[in-house]
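Work through the exercises below with the sequence and the 3D structure at hand. Try each task before reading its solution.

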Amino acid sequence: MKPNKAVGIVGYGGYIPRYRIDAAEVNRVWKDSAMPLGRSFKAVPGPDEDTATIAIQAARNAMRMAQISPEKLRAVWFGTESKPYAVKPTSTIVADAIGALPHANAADWEFACKPGTEAMQAAIAMVGSGMAPYAMCGGADTAQARPGDILEYNTGAGGASFILGEAEESLAILEASTSYVTNTPDFFRREGQPYPSHGQRFTGKPAYFHHIRAAVGELLNETGATPESFKYAVFHQPNYQFPLKVAASLGFPKEKVEPFILTSQIGNTYSGAALLGLATALDAAAPGDKILLASYGSGAGSDAFSFTVTERIEEIRSRGVSIKSYLNRTRLIDYAVYARYRGKLRMN
Amino acid sequence: MQIAKSWRRQPSNLRLEGTRCTGCGQLEFPTVIRCAQCGEIEFETYQFAGKGKVIVASTVYEATRDFGEHVPYCAAIIELEEGIHLATMITDVDPADVTVGMEVEMVTRRIAAQGDNGPILYAYKFAPQLQIL
């Protein structure tokens with residue numbers, strides 16, 4: 001599916017907190033056994049950071065790149081599963097911080113790890129229908145994990161923001177997008193619970209792999225493209241192996257996918273994961289490159305997109321902040337500091 | 001923290017909005033109701049760029065209740081590019097590594113919250129300027 005009027009990305013930005021914890025340190029505290037996987041780190045929000053502050057900085061970086069007036073944004077939509085408030089939108093805080101209020105639509109989106117790409121589809125439709133000159137969408141999380149659970153080894157923090165506008169102004173133009181959604185309870189968090197639950201192996205074949213394969217398959221059918229058509233492919237990245245495995249099953253070679261898998265450096269940033277991968281791919285892209293994006297959200301669904309990079313990318317991108325700038329800014333902490341920063345020590 | 005008070009301060013806290021005197025052009029942050037230079041009472045909104053440098057810094061180990069969860073933290077006075085001096089916290093750096101003259105930029109952070117049930121105050125802090133690669 002695509003709008004009647006051509007739409008593209010006119011700016012993007014990401015944000016990753018400074019702190020990192022080594023998965024081996026988590027393993028030292030809980031399992032004290034040999035790590036089954038390669039060495040990896042995850043980003044940890046500082047004591048003064050949460051999903052709102054991450055989303056704000058990502059939005060500011062996107063605005064810095066787009067160089068548009070914030071009053072022209074008709075929508076500020078952010079997706080997350082770690083809202084600072086259970087009732088009160090995070091998106092109004094973000095929109096206020098970048099000066100987009102009051103004549104804008106602001107809403108929080110929710111679909112496990114893929115609300116950001118749902119918001120992206122809606123932003124594409126809003127601009128493509130002529131209702132708005134620009135719309136902002138994004139995803140950010142301070143990913144929750146029960147202490148000692150396998151999720152705790154790589155649940156990170158970070159987010160990315162994208163501004164959609166008319167194709168003529170864009171650094172990458174949307175070719176098409178698809179969605180594939182079913183009622184599959186592979187991962188969830190019940191109301192009032194601090195940590196999510198998951199179906200362990202059930203999160204794989206019937207969940208992540210089935211939905212991404214279906215959404216991407218439909219996209220390839222709709223556009224007539226093949227894996228060879230794309231320079232880069234970005235998949236939701238709950239860990240290092242899943243995106244490589246789903247890519248291989250669809251016919252995408254490792255070299256088109258691996259550079260944009262950030263999980264060994266920052267962990268799984270849930271709603272931020274696929275979008276930070278896309279931002280990293282755009283940081284590397286050249287005019288004419290086609291980029292595939294496929295998100296995944298438990299519950300379950302996948303949104304797939306095909307973008308073609310334009311001649312404008314180098315000029316627009318030079319105004320922004322690369323994801324690498326944040327990947328290289330690190331401060332290693334131990335489990336005790338991590339536990340404090342993540343609020344795992346209840347003082348009252 | 002009073003909800004109405006923090007709500008009124010959101011333009012300053014989130015966007016670093018101050019005032020420019022319509023009489024003499026004097027910049028002020030936070031906003032004022034009468035110009036200290038010329039006595040003018042008409043102002044226009046002025047958004048500061050959010051870049052500056054540290055003039056003086058100190059590490060806080062014992063904080064008031066609202067800031068207790070952040071200790072130790074760096075409290076500093078910075079000079080904005082526009083010449084305004086501003087008291088703020090420096091974040092994203094170990095307090096001992098903050099130096100006079102360090103170039104900093106505004107970030108929005110979670111400043112305080114009233115327990116698990118109260119409103120969350122988001123406002124400016126300053127962080128070392130990011131090295132853009």
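**Exercise 1.** Locate A:Lys114 in this predicted model and decide whether A:Lys114 is buried or exposed.

Solution.
- Step 1. Find the segment: A:Lys114 sits in the loop between E5 and helix H4 (115-128) of chain A.
- Step 2. Apply the cut-off: buried means under 20% relative accessible area. A:Lys114 has 1% relative accessibility, so A:Lys114 counts as buried.
- Step 3. List the surroundings, leaving aside neighbours within four places in sequence: A:Lys114 is in contact with A:Val181, A:Ser295, A:Tyr296, A:Gly297, A:Gly301, A:Ser302 and A:Asp303.

**Exercise 2.** State which residues of H3(A) are buried and what they pack against.

Solution.
- Step 1. Go along the helix: the buried residues are A:Thr90, A:Ser91, A:Ile93, A:Val94, A:Ala95, A:Asp96 and A:Ala97.
- Step 2. Draw the conclusion: seven of the eight residues of H3(A) are buried, so this helix is largely enclosed by the rest of the structure.
- Step 3. Name the packing partners. In chain A they are H2, strand E4 (73-79) and strand E5 (105-109). In chain B they are helix H2 (10-15) and strand E8 (120-128).
- Step 4. Look just after H3(A): A:Gly99 takes a positive phi of about 80 degrees there.

**Exercise 3.** Describe the interface of chain A and chain B by its area, its residues and its polar pairs.

Solution.
- Step 1. Count the residues: 29 residues of chain A are in contact with 26 residues of chain B.
- Step 2. Give the area. The size of an interface is often given as the accessible area lost when the parts come together. Here the two chains bury about 2,300 Å² between them, with 46% of it on carbon and sulfur atoms.
- Step 3. Find the main contributors on one side: in chain A, the residues that lose the most area to chain B are A:Asp48, A:Tyr85 and A:Asp96, together 23% of what that side buries.
- Step 4. Turn to charges and polar atoms. The rule finds nine salt bridges across the interface of chain A and chain B. B:Asp92 forms a salt bridge with A:Arg329, and their closest N and O atoms are 3.1 Å apart. Across the interface there are also 21 residue pairs in polar contact, both residues being at pLDDT 80 or more.
- Step 5. Assign the chain A side to elements: helix H2 (51-66), helix H3 (90-97) and helix H10 (323-327) of chain A each give two or more residues to the side that touches chain B. The largest share, six residues, comes from H2(A).

**Exercise 4.** Compare how B:Val104 and B:Ile55 are placed with respect to the surface.

Solution.
- Step 1. Place both residues: B:Val104 is found in strand E7 (residues 103-113) of chain B, and B:Ile55 in strand E4 (residues 51-60) of chain B.
- Step 2. Classify B:Val104: its relative accessible area is 0%, so B:Val104 is buried.
- Step 3. Check its contacts, not counting residues up to four places away in sequence: B:Val104 touches several residues, including B:Gly50, B:Val54, B:Ile78, B:Ile90 and B:Phe126.
- Step 4. Classify B:Ile55: its relative accessibility is 31%, so B:Ile55 counts as partly exposed.
- Step 5. Add the neighbours on the surface: B:Ile55, B:Val56 and B:Ile77 form a nonpolar patch, with about 200 Å² of accessible area together.

Notes:
Residues are numbered from 1 along each chain as its sequence is written. Chains are lettered from A and ligands numbered from 1 in the order in which they are written. This is a predicted model: local features need pLDDT of at least 70, side-chain atom pairs count only at pLDDT 80 or more; totals for chains, interfaces and linings use all residues. Side-chain values use heavy atoms; hydrogens and water are left out. Patches are made of residues with over 30% relative accessible area and no salt bridge: like charges are joined within 9 Å, nonpolar side chains (Val, Leu, Ile, Met, Phe, Trp, Tyr) within 5 Å. Accessible areas come from the Shrake-Rupley method with a 1.4 Å probe; for residues, only the protein chains shown count as cover. A salt bridge is a side-chain nitrogen of Lys or Arg within 4 Å of a carboxyl oxygen of Asp or Glu. Helices (H or I, at least four residues) and strands (E, at least two) are DSSP runs, numbered from the N terminus. Buried means under 20% relative accessible area, exposed over 50%, partly exposed in between (1.4 Å probe, protein chains only). Contact means heavy atoms within 4.5 Å. Buried area is the accessible area (1.4 Å probe) that two parts lose on being put together, summed over both. A polar contact is a pair of N or O atoms within 3.5 Å; within protein, one must be able to donate a hydrogen and the other to accept it, and residues adjacent in sequence count only if both atoms are side-chain atoms.
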